[in-house]
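Please look over the sequence and the structure shown here, and keep both in view while reading the report.

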Amino acid sequence: MTDFESLIRLLAGSGVEFILVGGAAATAHGSARLTQDLDILYRRSPENMVRLAACLATHHPYLRDAPTGLPFRLDAETIQRGLNFTLMTDLGALDLFGEITGGGRYEDLLNDTIQLELFGVTCRCLGLNRLIEVKRAAGRPRDLEAIAELEALREERERTSR
Amino acid sequence: MAAKRAGRAETDQVIEAYKRHIDRSLLRENLRLTVEQRFKNLQRLQLFASELRKSLRRGG
């Protein structure tokens, strides 16, 4: 189980610059689909990577599906050397993306985000239109049903705003 | 280019087919909620799915 509330509070409360993407962003926009992990696009500045590693340190981040006993430590240097990490933490599954297919990096998507006041913190979430574009660009068959729902959400929002 | 367009058209058709089966009443309900409430519902759904899986494992 992923504790979305605690993870979002932890990241935003620690000053990590990130954008909610993937299924959690879809939830924020009204999706009814079940998502099991929190996907974030983090800013790859040295200071932000330090903040990200520091706030996760006490929650025992480990690579999901990695063989037991594999030496792994998520520190700023590890994040710097890598890009995307699929993690399990004490608070649940967390996917860190330095870049996403069809969207690019944090700075590339920042203008397409909305600001959310959530669980007592402020965080950024990818806007609905861009989320649909990114999912379409990723071209994964398993995303097609999710895209259909996101487009239906957009239609519903447009219908009610008329 | 033509292949890309054909691929896009095919994708659109699949998405439109999925769209016909979406329960829009659920989406309308969700749109009436705050973002925080939507996440709380997701947590409840996660819990339910987890309990269901445990129960199936016990029963199987």
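The report takes up the sheet of chain A, then its nonpolar core, then chain B and the contact between the chains.

**The sheet of chain A**

This is a predicted model, and a good place to begin is the open sheet of chain A, in which seven strands follow one another in the order β3-β4-β5-β2-β1-β7-β6 with mixed pairing. In general, the strands of a sheet pair through backbone hydrogen bonds, and they may do so in a parallel or an antiparallel way. The edges of this sheet are formed by β3(A), which covers residues 62–63, and by β6(A), each of which has a pairing on one side only. Two bridges join β3(A) to β4(A), residues 85–89, and the two strands run in the antiparallel sense; within this part of the sheet, L63(A) stands opposite L87(A) of β4(A).

The helix α2(A) packs on the sheet, where it touches β1, β2, β6 and β7 of chain A, and its direction makes about 75° with that of β1(A).

**The nonpolar core**

The largest nonpolar core holds 50 residues, and those that touch the most other members are I19(A), L20(A), V21(A), A25(A), I40(A) and L41(A). If residues up to four places away in sequence are left aside, L20(A) touches A25(A), A28(A), I40(A), C123(A), R124(A), C125(A) and L126(A).

**Chain B**

Chain B contains three helices and zero strands, so that its elements, read from the N terminus, run α-α-α. With a radius of gyration of 18 Å, which is well over the 10 Å that the globule rule gives for 60 residues, chain B is more spread out than a compact globule. Its C-alpha atoms fill a box of roughly 50 × 35 × 20 Å along the principal axes, and buried residues make up 7% of its 60 residues.

**Where the chains meet**

The contact takes 24 residues from chain A and 23 residues from chain B. On the side of chain A that touches chain B, four elements, listed in the table, give two or more residues.

| Element of chain A | Residues |
|---|---|
| α1(A) | 4–13 |
| α2(A) | 22–29 |
| β6(A) | 113–118 |
| α7(A) | 144–161 |

Among these elements, α7(A) gives the most, with ten residues. Sorted by type, the residues on this side of chain A divide into 13 nonpolar, five polar and six charged. Two of the elements in the table have already appeared above, since β6(A) is an edge strand of the sheet and α2(A) packs on the sheet.

Notes:
Residues are numbered from 1 along each chain as its sequence is written. Chains are lettered from A and ligands numbered from 1 in the order in which they are written. This is a predicted model: local features need pLDDT of at least 70, side-chain atom pairs count only at pLDDT 80 or more; totals for chains, interfaces and linings use all residues. Two residues are in contact if their C-beta atoms, placed from the backbone, lie within 7 Å. Ala, Val, Leu, Ile, Met, Phe, Trp, Tyr, Cys and Pro count as nonpolar, Asp, Glu, Lys and Arg as charged, and the others, Gly among them, as polar. The radius of gyration is taken over C-alpha atoms; the globule rule is 2.2 Å times the number of residues to the power 0.38. A residue is buried if 20 or more other C-beta atoms lie within 10 Å of its own, exposed if 12 or fewer, and partly exposed in between; C-beta atoms are placed from the backbone. Two strands pair if DSSP finds at least two bridges between them. Axes are lines fitted to C-alpha atoms, for helices over the stretch in contact, and angles run from 0 to 180 degrees between N-to-C directions. A nonpolar core is a set of buried Ala, Val, Leu, Ile, Met, Phe, Trp, Tyr and Cys residues joined through C-beta atoms within 7 Å.
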